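Open the model in your viewer and keep the sequence panel beside it. The tour below goes stop by stop.

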Amino acid sequence: MRHGRVWTCLILAAAAAFAGAVTVVGTNLFVQADTVSDTPERSVEALLGALLDEHDATAARTWLCADKAGRDLGEVTAELASFDERAGVDWANVTEIERRVGEATVTADLSTADGSITWTFTLVAEDSDPQWQVCDMAVK
């Protein structure tokens, strides 16, 4: 009989430890999900603000994907900044139009005295700050 009680106590202790572990892990997941305040729109707004309002290409690079910041986006970023210097650009209507797992598409309307154009931004979610980073930009 004594042997059966030991096994019962061990099983109960293991069940209690498992329940505790599940509670701790679950709580951490919920806390982390609640602290995420970054959105794809915020990243595009910050990128446009750095380029068009502050004329700070270094700050703009903060919002670009690490593997894209020095390559093919350099030309597009320079084009966007020079477009602003020539014509003075206002931007508005930054809108997320699509989201897939780890990726989002955002549009923004850029306008000058000559008219307006819509730019499309492709962003990916990274384990970094900022969470959403621009990996592609193009005129729509």
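Two strands count as paired if DSSP finds at least two bridges between them. Keep that cut-off in mind for the hairpin stop. Note too that this is a predicted model.

**Whole chain**

Show the protein chain as a cartoon. You should find 4 helices and 4 strands. Along the sequence they follow the pattern α-α-α-α-β-β-β-β. Now switch on the surface. The accessible area is about 8,900 Å², and carbon and sulfur atoms own 57% of it. The chain has 140 residues, and 31% of them count as buried. Among contacts with a separation of 6 or more, 44% are between residues 24 or more positions apart.

**Helix H1 and its patch**

Select residues 2–35. This is helix H1, and Leu 10 sits in it. Add Val 6, Trp 7 and Ile 11 to Leu 10: these four form a nonpolar patch on the surface. Together they have about 420 Å² of accessible area. Is Leu 10 buried, partly exposed or exposed? Its relative accessibility is 47%, so Leu 10 counts as partly exposed.

**The S1–S2 hairpin**

Select residues 90–100 for strand S1 and 103–112 for strand S2. The two run antiparallel, joined by 8 bridges. Because pairing needs at least two bridges, S1 and S2 qualify with their 8. Zoom in on Glu 98; its bridge partner in S2 is Thr 105. Then go to the turn. There are 2 residues between the strands, and Gly 102 has a positive phi of about 75°.

**Strand S3 at Thr 120**

Move to residues 115–125, strand S3, and pick Thr 120. Thr 120 has a relative accessible area of 18% and is buried. That follows because buried means under 20%. Which residues touch Thr 120, leaving aside its neighbours within four places in sequence? They are Thr 105, Val 106, Thr 107, Asp 136, Met 137, Ala 138 and Lys 140. Thr 105 is the S2 residue you met as the partner of Glu 98.

**The disulfide**

Show cysteine side chains as sticks. The whole structure has 1 disulfide. It joins Cys 65 to Cys 135, with S to S at 1.4 Å. The pair links distant parts of the chain, 70 residues apart. Cys 65 is in the loop between helix H3 (57–61) and helix H4 (72–87), while Cys 135 is in strand S4 (residues 132–139). The torsion about the S-S bond is about -65°, so the disulfide is left-handed. Cys 65 is buried at 1% relative accessible area. Cys 135 also counts as buried, at 12%.

Note on methods. Residues are numbered from 1 along each chain as its sequence is written. This is a predicted model: local features need pLDDT of at least 70, side-chain atom pairs count only at pLDDT 80 or more; totals for chains, interfaces and linings use all residues. Side-chain values use heavy atoms; hydrogens and water are left out. Patches are made of residues with over 30% relative accessible area and no salt bridge: like charges are joined within 9 Å, nonpolar side chains (Val, Leu, Ile, Met, Phe, Trp, Tyr) within 5 Å. Accessible areas come from the Shrake-Rupley method with a 1.4 Å probe; for residues, only the protein chains shown count as cover. A salt bridge is a side-chain nitrogen of Lys or Arg within 4 Å of a carboxyl oxygen of Asp or Glu. Buried means under 20% relative accessible area, exposed over 50%, partly exposed in between (1.4 Å probe, protein chains only). Contact means heavy atoms within 4.5 Å. A disulfide is a pair of cysteine sulfur atoms within 2.5 Å.
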